Amino acid sequence: MPYPWGRWLSTFCALMMLVGLVTGIITHKKIFKEFFTFRPGKGQRSWLDGHNAIGVLVLPFHLMISYSSLVIFMAMVMPASISTMYGDNLQAYYNELFSRDEPVKPAGAPGTAGAVGAAVCPGASAGARQRGQLGRGAEPR
């Protein structure tokens, strides 16, 4: 598939999925109330209750997947605001979006590691651990 067609296809599918999810939530107003209903041994009704429970459980995942796909390709789907501000210079938009306000300055010296002693043996200094003088309650068994 040529370069932009895959992006357009996935964006269109994500939009249709989001529209389907939102309209399904609006249409089935009692779906969250029926989430807590389970009638075992009722045949087809039991399968419907399980279907509703699984549908409600995976709903946040499906909403976030479809929404994030639309956000990722937002510049491709809705370029009007970007082209209004930046014209044809799309690189200026990305430079402003992903750049820092100030460049990171090197420290000029190597970093130092913090003390690991408190995490390994709370209440004991590094010297006490080296000499075998562990804190109370930390003696080997």
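Confidence in this predicted model varies along the chain: helix 1 (residues 3-27) comes out highest, with a mean pLDDT of 94, while helix 7 (residues 126-130) sits at the bottom with a mean of 54. Taken over the whole chain, the mean pLDDT is 81, and 79% of the residues reach 70 or more.

As for the overall layout, it's helices and no strands: seven of the former and zero of the latter. Reading from the N terminus, the order is simply α-α-α-α-α-α-α. Of the 141 residues in the chain, buried ones make up 14%. The accessible surface adds up to about 11,800 Å², and carbon and sulfur atoms account for 65% of that area. Among contacts with a separation of 6 or more, 49% are between residues 24 or more positions apart.

Helix 1 is a good place to start looking at details. Thr-11 belongs to this helix, and it counts as buried because its relative accessibility is 4%, under the 20% cut-off. Once neighbours within four places in sequence are set aside, Thr-11 is in contact with Leu-70, Phe-73, Met-76 and Val-77. The last of these, Val-77, is part of helix 3, so the contact ties a residue of helix 1 to one of helix 3.

Val-77 also turns up in another feature, a nonpolar patch on the surface. Its companions there are Met-1, Trp-5, Trp-8, Leu-9, Met-74 and Met-78, and together the patch residues have about 780 Å² of accessible area. Two elements, helix 1 and helix 3 (74-77), each give two or more residues to the patch. Helix 1 gives the most, with three residues. How can Val-77 touch a buried residue and still be in a surface patch? Val-77 has a relative accessible area of 35%, so it is partly exposed rather than buried, and that value clears the patch cut-off of over 30%.

Charged side chains offer a shorter story, since the structure holds one salt bridge. It pairs Arg-39 with Asp-49, and the closest N and O atoms are 2.9 Å apart. The two partners are 10 residues apart and come from distant parts of the chain: Arg-39 is in the loop between helix 1 and helix 2 (44-72), whereas Asp-49 is in helix 2 itself. Their surroundings aren't alike either. Arg-39 is partly exposed, with a relative accessible area of 32%, but Asp-49, at 2%, is buried.

Further along the chain, the aromatic side chains come into play. There are three aromatic pairs in the structure, and one aromatic cluster is formed by Tyr-86, Tyr-93, Tyr-94 and Phe-98. Tyr-93 is worth a closer look. This residue is found in helix 5 (residues 90-98). Is Tyr-93 buried or exposed? With a relative accessible area of 15%, Tyr-93 falls under the 20% cut-off and so counts as buried. Leaving out residues up to four places away in sequence, Tyr-93 touches Ile-82 and Tyr-86, and Tyr-86 is also a member of the aromatic cluster. For a sense of the spacing here, the C-alpha atoms of Tyr-93 and Ser-83 are separated by 9.2 Å, with the two residues lying 10 residues apart along the chain.

Technical notes. Residues numbered from 1 in each chain as written. Predicted model: local features only at pLDDT ≥ 70, side-chain atom pairs only at ≥ 80, totals over all residues. Heavy atoms only, no water. pLDDT = per-residue confidence, 0-100. Helix = DSSP H or I, 4+ residues; strand = E, 2+ residues; numbered from the N terminus. Phe/Tyr/Trp six-rings, centres within 6.5 Å; stacked < 30°, edge-to-face > 60°. Patch = residues over 30% accessible without salt bridge, like charges linked within 9 Å, V, L, I, M, F, W, Y side chains within 5 Å. Areas by Shrake-Rupley, 256 points an atom, 1.4 Å probe, with all protein chains shown as cover. Salt bridge = Lys/Arg side-chain N within 4 Å of Asp/Glu carboxyl O. Buried < 20%, exposed > 50% of the residue type's maximum accessible area, 1.4 Å probe, protein only. Contact = heavy atoms within 4.5 Å.
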